[in-house]
Amino acid sequence: MTIPPALEPPSRLLLGPGPSNVHPRVLRALSTPVVGHLDPAYLTLMDETRRMLQHVFQTTNALTLPISATGSAGMEACFVNLLEPGDEAVVCVNGVFGTRMADIVGRCGATLHTVEAPWGRIVDPADVEAALAKCRQPKLVAVVHAETSTGAWQPLEEIGALAHAAGALFVVDTVTSLAGCPVRVDDWGIDACYSGTQKCLSCPPALAPLTFSERAVEVLQRRRSKVQSWYLDLTMITKYWGEERVYHHTAPISMSYALYEALRIVVEEGLAARWDRHRRNHEALAAGLEAIGLGLAAQEGHRLWQLNSVTIPDGVDDAAVRGRLLHEFGIEIGAGLGPLKGRTWRIGLMGENSRPASVLTLLEALERVLADAGHGRAAGAGVAAAAAAYSTGAANVEC
């Protein structure tokens, strides 16, 4: 066969739902020499990675580690390790990722109870309470903290309290929220929590940080049957991450270096400062969007800082706008999913991309593209409104 050409990926400003752009230090970490997955140097890296993940998750859980696959594997790992055939699970569904949780519950052979809310709105704890009342013995309650498909930010504490009162574990998806807004695993009573590396951690996709509480570990240890997934079986993976260091699978060495460096950057910045940075850039973007006639689609008062779901104006071609932004300006934004397809754009301001430069660059380009599509406003209105928001923004990092 002929030799294909060398790859020359284009330079993009990734302002979609993920991945986000990667810090140069993380890219350098990817290129460092590979060692063995049982090398003493790598074992030290594992221990330090666990320590930093505990800090970012705000937990003391001993079972805290990165699953060797993307965030979806973190989701699956939680359910296949905690559920057995015949168990009951309550899953909150208000977007794509709640829907995926529900699918996995069924694949585990468990009895599924869904609590649904319209896409873009949060789940009402009263509905969770009603669903729990219908269960014989619920094993877990699962909810998405930051629904990437809609931009909705789900409050957790009340649902977690309801789960525990019913004797159930509380499982939370923080793929888009971790390191971008407050995630407090211990304070909120979260029993199993997973995330991904490619969003607010600004690391390439390929690892899924995960943490289990002591209650979740006890459930895992009392299983009556083998975990249905060999690769995601935490009863074996924890032997590699524990004192025994028993080989389970060959760890992704270079990606582990990358995550280690990404976590170092988070710790250097400080969680509160990082959360506040995401808030300030979200508020500036929202102000700029409003000035050019665009609104946010998620429920008011529950809108994510790091993933902004934007309503597409009537008569504006969704794909055409995204295509021009990508090919003429090198900016990627995401399309809507499910019932929001063609009705919303998803604009991510995650990790390294949550910067004033990203906000102002996007607003300037979007304003030009929309003007050509017949949705014009006063030239520079979006950038001016965002700049004004930056000058008046006040710190507030609570959910």
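1. A good place to start is the pairing of strand β3 (residues 88-93) with β4: the two run in the parallel sense and share 6 bridges. Within this pairing, Glu-88 has Thr-111 of β4 as its bridge partner. Do keep in mind as you read on that this is a predicted model.

2. Those two strands belong to an open sheet of 7 strands, ordered β2-β10-β9-β8-β5-β3-β4, and its pairing is mixed. At the edges sit β2 (63-67) and β4 (111-116), each of which pairs on one side only. From one strand to the next, the twist averages 15°. Helix α8 (residues 234-241) packs on the sheet, where it touches β2 and β10 (208-212), and its direction makes about 100° with that of β2.

3. Now have a look at Leu-140, which lies in strand β5 (residues 138-144). Leu-140 counts as buried because its relative accessible area is 0%, against a cut-off of under 20%. Beyond its sequence neighbours up to four places away, Leu-140 touches residues including Phe-79, Leu-82, Glu-88 and Val-171. Val-91 is 49 residues from Leu-140 in sequence, yet their C-alpha atoms are 8.3 Å apart.

4. Leu-140 also turns up in the largest nonpolar core, a set of 51 residues, where it is among those with the most contacts, along with Ile-67, Phe-79, Leu-82 and Phe-212. Helix α3 (residues 71-82) gives the most to this core, with 7 residues. A second, separate core has 50 residues, among them Cys-181, Leu-201, Ala-262 and Val-266.

5. Finally, Leu-82 is worth a click: leaving aside neighbours within four places in sequence, its contacts include Leu-140, Leu-169, Phe-212 and Arg-223.

How values were computed. Residues are numbered from 1 along each chain as its sequence is written. This is a predicted model: local features need pLDDT of at least 70, side-chain atom pairs count only at pLDDT 80 or more; totals for chains, interfaces and linings use all residues. Side-chain values use heavy atoms; hydrogens and water are left out. Helices (H or I, at least four residues) and strands (E, at least two) are DSSP runs, numbered from the N terminus. Buried means under 20% relative accessible area, exposed over 50%, partly exposed in between (1.4 Å probe, protein chains only). Contact means heavy atoms within 4.5 Å. A nonpolar core is a set of buried Ala, Val, Leu, Ile, Met, Phe, Trp, Tyr and Cys residues joined through side-chain atoms within 4.5 Å. Two strands pair if DSSP finds at least two bridges between them. Axes are lines fitted to C-alpha atoms, for helices over the stretch in contact, and angles run from 0 to 180 degrees between N-to-C directions.
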